[in-house]
Amino acid sequence: MFRTVLIANRGEIALRVARACRELGIRVAVVYSTEDTDSEVVRYADEAVRIGPGAAQASYLSIPAVIEAARRTGADAIHPGYGFLSENADFAEVCAAEGITFIGPPPEVMEALGDKSTCRALMADAGLPLLPGTLDPVSSSREAEALAAEIGFPVVVKAVAGGGGRGIGVAYGADEFPAVYRETRRHAAAVFGDGRVYLERYLQSARHVEIQVLADRYGNVIHLGERDCSVQRRHQKLIEEAPAPGLDQEVLAAMAEHAVQGAKAAGYVGAGTFEFLYDGSGRFYFMEVNCRIQVEHPVTELVTGIDLVHEQLWVAAGHPLRIGQQDIAPRGCAVECRINAEDVDREFTPTPGVIDELALPSGPFVRVDTHVRRGSRISVFYDPLLAKVTVWAPDRELALARMGRALDEVRVDGKGMRTTAGFLRSVVDSDEFSTARHDTGLVGRLLEPGPAARGTQDLGPAQVKPPNAS
């Protein structure tokens with residue numbers, strides 16, 4: 001096993017990885033920006049190295065700065081968490097050149113799967129079902145318009161280098177396609193440094209289901225069941241759960257089989273996730289592979305009893321998988337809600353600020369992954385995730401009741417600060433979600449009635465309005 005692992009990330013995932021390392025007797029080193037000087041993980045780590053200012057490009061995304069921190073701390077491995085450099089093949093290559101183990105897939109695998117166009121072609125060859133669309137990036141607006149008409153509207157325009165719900169534009173008709181195409185290319189070039197895009201048929205009322213896999217360097221691949229991530233806003237997840245409720249078991253088994261098949265075809269190593277769309281009629285389609293630990297991994301951990309970060313570290317250290325498919329026996333139901341510092345009434349606009357008062361839920365079978373405390377400052381530079389609240393119960397009915405109780409216990413107070421907790425409570429209570437008839441359009445439908453109705457949905461006990469807020 002490793003002597004020292006450098007965690008190249010921040011927030012709750014940095015703290016979660018640090019705890020896993022501590023449990024395994026591994027020394028913990030972390031990087032941090034000037035914005036995170038007073039963060040929980042800096043306090044927790046054995047050693048911390050400041051690598052730059054608040055802007056991620058000059059700190060958490062700076063490969064030279066992270067590598068220098070690894071040298072200074074004597075780290076023999078780097079855990080990238082999620083986001084930032086976690087799916088950067090160049091970074092994985094530099095780690096290898098420096099003799100440092102990158103905890104994730106080999107760079108060539110990450111490069112192939114990170115390029116969504118290459119990934120689609122690879123998975124098509126492996127026999128995974130794809131939505132109608134292009135396997136190669138489109139080369140011109142004229143070609144794109146012709147292909148979109150051939151695929152049929154609505155069409156989704158996706159950045160080849162995109163991921164995590166970013167770099168996606170949807171055109172519902174030919175008249176709006178040129179503007180969506182131009183805007184998605186512009187956004188992709190600005191955010192990912194790569195303006196190439198490809199096209200797919202857009203499923204408007206689908207379930208978003210993903211399969212967690214684990215693989216070692218010896219060709220062994222297993223899956224740990226599925227997660228349902230259909231509750232989203234702007235293609236970004238808000239609630240996740242396992243198992244996926246209301247779906248045919250044979251379909252889910254086929255999905256898992258395809259994920260394992262795809263991982264083997266790609267030569268995957270480590271923890272990864274294969275994402276699919278399910279159209280409600282028994283058909284499902286491969287979307288993409290996430291080459292990292294995911295935000296929603298706690299729901300899989302609660303139903304399987306397997307610590308995914310422990311297993312990541314184990315296989316990255318060169319060991320064969322110590323878990324077989326026969327050892328995976330999901331039990332009960334787990335649900336995760338992301339508590340973000342966002343104003344639902346202003347289209348989920350982040351509300352950075354200082355937390356004056358904080359209370360997070362606890363009690364039986366409630367897990368809270370967080371990095372904040374009273375006095376923490378939520379920075380404008382980073383994702384506004386405050387905490388992940390995950391509950392487990394023997395069945396879904398009790399899990400939802402437990403989640404409702406947990407969300408009611410959330411109290412976050414700070415000048416100008418809002419959270420998503422109250423809105424998430426309204427989602428959990430909604431008839432569509434509680435009866436598992438929901439899909440990726442649920443959030444939009446709940447917000448459709450207008451500001452007055454949205455206000456009613458947001459006024460759960462967890463949506464605390466600071467007394468001096470406007």
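## Two open sheets in a predicted model

Strands β2 and β3 (residues 47-52) are paired in parallel through five bridges. Within this pairing, V31 has V49 of β3 as its bridge partner. The model described here is a predicted one.

### The parallel sheet

The pair β2 and β3 belongs to an open sheet of five strands, ordered β3-β2-β1-β4-β5, with parallel pairing. The edge positions are taken by β3 and β5 (101-102); each has a single partner strand, so one side of each is left without a neighbour in the sheet.

Strand β2 covers residues 27-33, and six of its seven residues are buried, so that the strand is mostly covered. Besides β3, strand β2 is joined to β1 (residues 4-7) by four bridges, again in parallel. In that pairing V5 has V28 of β2 as its bridge partner. The connection between the two strands involves helix α1 (residues 11-23): β1, α1 and β2 make up a β-α-β unit that is right-handed.

Towards the other edge, β4 (residues 77-79) runs parallel to β5, and two bridges join them. Here I78 is opposite F102 of β5.

The pairings of this sheet for which bridges are given are set out below.

| Strand pair | Sense | Bridges |
|---|---|---|
| β1 and β2 | parallel | four bridges |
| β2 and β3 | parallel | five bridges |
| β4 and β5 | parallel | two bridges |

Which strands does helix α3 lie across? Helix α3, residues 63-73, lies across β1, β2, β3 and β4, and runs at about 155° to β3.

### The antiparallel sheet

A further open sheet has eight strands in the order β13-β12-β9-β10-β11-β14-β21-β19, and its pairing is antiparallel. Its edge strands are β13 (284-290) and β19 (366-370), each of which pairs on one side only. On average, neighbouring strands in this sheet are turned by 25° against each other, with direction ignored.

At the β13 edge, six bridges pair β13 with β12 (residues 270-278) in the antiparallel sense. Residue L277 stands opposite Y285 of β13.

Helix α10 (residues 297-304) packs on this sheet. The strands touched by α10 are β9 (207-215), β10 (221-233), β11 (236-242), β14 (333-340), β19 and β21 (385-393). The direction of α10 makes about 25° with that of β21.

Note on methods: Residues numbered from 1 in each chain as written. Predicted model: local features only at pLDDT ≥ 70, side-chain atom pairs only at ≥ 80, totals over all residues. Heavy atoms only, no water. Pairing = 2+ DSSP bridges. Axes fitted to C-alpha atoms, helices over the stretch in contact; angles between N-to-C directions. Contact = heavy atoms within 4.5 Å. Buried < 20%, exposed > 50% of the residue type's maximum accessible area, 1.4 Å probe, protein only. Right-handed = clockwise from strand over helix to strand, strands pointing away.
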